[in-house]
Amino acid sequence: MIGCPAGLESSGIEPEPLIAPMTVTVTRSDPRYPALRRGHNLRWPSHDADAAQRILLCEDAEDAAVALQQVVTAGLRPTVRSGGHCYEDFVVNNPGGAILDVSALSRVDRDASNGTFHLGSGVQLWNGYEALYKRYGVTLPGGVCGTVGAGGHISGGGYGPLSRLHGLSCDWVTAVNILTVDRHGRVVPIRADAENHSDLFRACRGAGGASFGLITGFEFATLPMAPREVAQASISFSWNDMTLEKLTRILMTFGKYWESRGQERDTWGMYSVLELSHRSAGKFSVSVQFCNPDGTCRDLSVMWEYLDLFSQWSSETGGSTARPSIKQSDWLNACAMSAGNAVNRRGKYKSTRMRRGFTPTEAAIIYKYLTKDVGGTSLHEASFDAHSYGGAVNRKEMAEQTAVPQRDSIIKLQPLTYWEKPEEDAAQTKWLAQFYEELYSGQNTDPQHAGTPYWSKHYEGCYINYPDVDMLQYNYWPQLYYGESNYAFLQTVKRRYDPNNIFHHAMSVRS
Ligand SMILES: Cc1cc2nc3c(=O)[nH]c(=O)nc-3n(C[C@H](O)[C@H](O)[C@H](O)COP(=O)(O)OP(=O)(O)OC[C@H]3O[C@@H](n4cnc5c(N)ncnc54)[C@H](O)[C@@H]3O)c2cc1C
């Protein structure tokens with residue numbers, strides 16, 4: 001244990017300067033403060049008064065422990081940041097508190113004695129992919145954005161182009177190194193795995209680390225081999241002559257595929273996103289990445305079969321490609337192209353895990369909102385993204401071993417919108433909120449859960465790595481994200497490992 005017992009209430013007196021030995025402390029007078037107090041989403045801090053007082057840049061796990069102890073002893077609220085890509089204000093809005101930034105915890109290596117891979121929580125995904133590939137030929141089935149941090153991403157699930165083939169990132173974790181704070185306010189470093197602190201271990205595999213402590217790193221006894229090569233293609237559709245009928249057919253084709261053919265193993269190496277941009281963007285697309293289950297492109301018939309379903313709509317709608325060209329490249333190159341550096345901007349996101357494809361009623365609502373204009377703002381960066389899901393993600397035994405109970409979905413939805421100016425916040429967020437609410441107020445939703453994709457034969461709730469505070473208006477929001485019995489389990493973990501609720505945000509697990 002580190003440090004001494006401390007009262008947890010803030011005295012109101014300005015605390016002593018924080019002096020963890022190696023930590024760099026950035027306070028308001030520091031020229032770096034305006035940049036470092038922010039994350040990827042520029043909506044926060046909403047007001048200067050909401051900003052953290054200081055940002056502590058921790059050098060390594062020991063340093064993070066000392067810094068966390070000092071913050072807790074000083075009675076400040078710690079929020080933990082790895083990659084800073086949180087969709088909501090969970091890290092940034094921390095009035096008077098301290099952001100513990102662990103981005104320097106960027107270790108990627110392998111223990112020579114037992115072959116275990118170690119990934120620091122501050123590793124950015126692209127750096128992790130590159131190092132794992134170059135040094136060991138393996139990879140993590142994680143997300144597409146290269147600057148997302150391992151700390152938030154893996155602890156909240158972690159889904160990407162290889163997940164249908166290999167499962168979620170959190171499925172591969174075999175130990176989590178985490179700093180918790182006991183009831184006396186003492187920092188307690190824990191290595192949680194299937195034998196020791198197995199409840200905490202499970203919770204950190206999908207429920208997000210931010211409810212339980214500060215994760216310093218992940219261990220993996222093994223990781224999947226990186227594909228040798230992948231094939232990529234995209235088909236675009238023009239909005240010029242898009243009708244409700246055509247859009248419905250595209251949506252139904254997409255959904256039907258993942259509901260049926262997409263369940264078969266030879267398709268698990270295929271990942272596809274139907275990126276339905278708003279009409280003001282002019283066009284939208286369906287993109288595909290594919291490799292055979294053996295990690296090669298020796299047989300592309302599965303990919304062609306899929307693309308051919310959509311090519312007909314593209315020519316019919318005057319889109320740019322009749323039969324698209326397929327581009328093959330080594331996996332690292334393909335990964336580098338998709339793992340771009342996301343530009344910081346204002347955004348709002350929602351999510352749904354779908355067990356079934358789209359219905360005509362849903363398609364009509366999607367068409368309505370994607371063709372609707374809103375006064376005072378432009379929706380040209382708004383999009384309704386449907387990601388292929390399922391495959392290895394849906395191994396049922398993983399529901400028990402991890403904190404991701406949603407193991408039956410075939411599509412993961414991400415409706416989102418980006419914009420520039422703070423004055424547009426209200427119009428943009430209102431458009432998305434109304435869209436989502438109407439989508440889930442129809443025949444597929446029981447009246448008790450109207451406005452949300454509550455668990456039913458159609459849906460499996462939402463994804464905690466895409467948090468949406470609008471859902472807090474529903475008293476069943478925890479079950480939406482965490483599942484019913486799983487949430488009860490997480491609450492016991494919370495009571496045991498964070499009895500003083502040191503680690504909390506608007507959608508963290510309540511004790
Ligand atoms: C551009 C973009 C692309 C994305 N693409 C994908 C994708 O392809 N697939 C996918 O599954 N998700 C994707 N996401 C969502 C992403 O997985 C989540 O936003 C994730 O939580 C970000 O982690 P982070 O460490 O970068 O963020 P942060 O803002 O640092 O943290 C996010 C949350 O995790 C907590 N946290 C962070 N680090 C730690 C830690 N070390 N210990 C304990 N708690 C911690 C924070 O306190 C916060 O609550 C994307 C997000 C963005 C912005």
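In which sense, and over how many bridges, do β1 and β2 pair? The first legend takes up this pair, and the legends after it move outward to the rest of the predicted model.

**Figure 1. The open sheet of four strands in the predicted model.** β1 and β2 pair in the antiparallel sense, and four bridges connect them; one residue pair that can be picked out here is V24 with its bridge partner L57 in β2. The sheet as a whole runs in the order β1-β2-β4-β3 and has mixed pairing. Its edges are formed by β1 (24-27) and β3, each of which pairs on one side only, and the twist from one strand to the next averages 20°. Helix α2 packs on this sheet, where it touches β2, β3 and β4 (98-101), and the direction of α2 makes about 170° with that of β4.

**Figure 2. The contact between domain 1 and domain 2.** The chain is divided into domain 1 (24-101), domain 2 (110-225 + 489-497) and domain 3 (229-466), and the C-alpha centres of domain 1 and domain 2 are separated by 21 Å. Across the contact, 15 residues of domain 1 meet 20 residues of domain 2. Helix α2 (residues 61-73) gives the most to the domain 1 side, with seven residues, and that side is made up of nine nonpolar and six polar residues, with no charged residues.

**Figure 3. The shell of residues around the ligand.** Of the 37 residues around the ligand, the ones that come nearest are G83, G143, G149, G151 and G152. Two or more residues of the shell are given by each of β3 (78-81), α4 (150-155) and β9 (214-220), and the largest share, four residues, comes from α4. By class, the shell has 22 polar and 14 nonpolar residues and one charged residue. Domain 1 (24-101) and domain 2 (110-225 + 489-497) each supply at least three residues to the shell.

**Figure 4. The open sheet of five strands.** Here the strand order is β5-β6-β9-β7-β8, and the pairing is antiparallel. The edge strands, each pairing on one side only, are β5 (108-110) and β8 (187-193), while neighbouring strands are turned against each other by 20° on average, with direction ignored. Within the sheet, strand β7 (residues 175-181) pairs with β9 in the antiparallel sense over five bridges, and I178 has I215 in β9 as its bridge partner. Strands of a sheet pair through backbone hydrogen bonds, in either a parallel or an antiparallel manner.

**Figure 5. Two backbone details in loops.** Most peptide bonds are trans, and most residues other than glycine have a negative phi. A cis peptide bond nevertheless joins W44 and P45, with omega at about 0°, and P45 has its place in the loop between α1 (33-36) and β2 (54-57). H197, a residue other than glycine, has a positive phi near 55°, and H197 lies in the loop between β8 and α6 (198-203).

**Figure 6. The whole chain, as context for the close-up views.** The chain has 14 helices and 17 strands. Its radius of gyration is 23 Å, close to the 24 Å that the globule rule gives for 511 residues, so the chain is as compact as a globular protein of that length. Taken along the principal axes, the box filled by the C-alpha atoms is roughly 70 × 55 × 45 Å.

Methods:
Residues are numbered from 1 along each chain as its sequence is written. This is a predicted model: local features need pLDDT of at least 70, side-chain atom pairs count only at pLDDT 80 or more; totals for chains, interfaces and linings use all residues. A residue is near a molecule or strand if its C-beta atom, placed from the backbone, lies within 6 Å of it. Ala, Val, Leu, Ile, Met, Phe, Trp, Tyr, Cys and Pro count as nonpolar, Asp, Glu, Lys and Arg as charged, and the others, Gly among them, as polar. Domain bounds come from an automatic or database domain assignment. Two residues are in contact if their C-beta atoms, placed from the backbone, lie within 7 Å. Two strands pair if DSSP finds at least two bridges between them. Axes are lines fitted to C-alpha atoms, for helices over the stretch in contact, and angles run from 0 to 180 degrees between N-to-C directions. The radius of gyration is taken over C-alpha atoms; the globule rule is 2.2 Å times the number of residues to the power 0.38.
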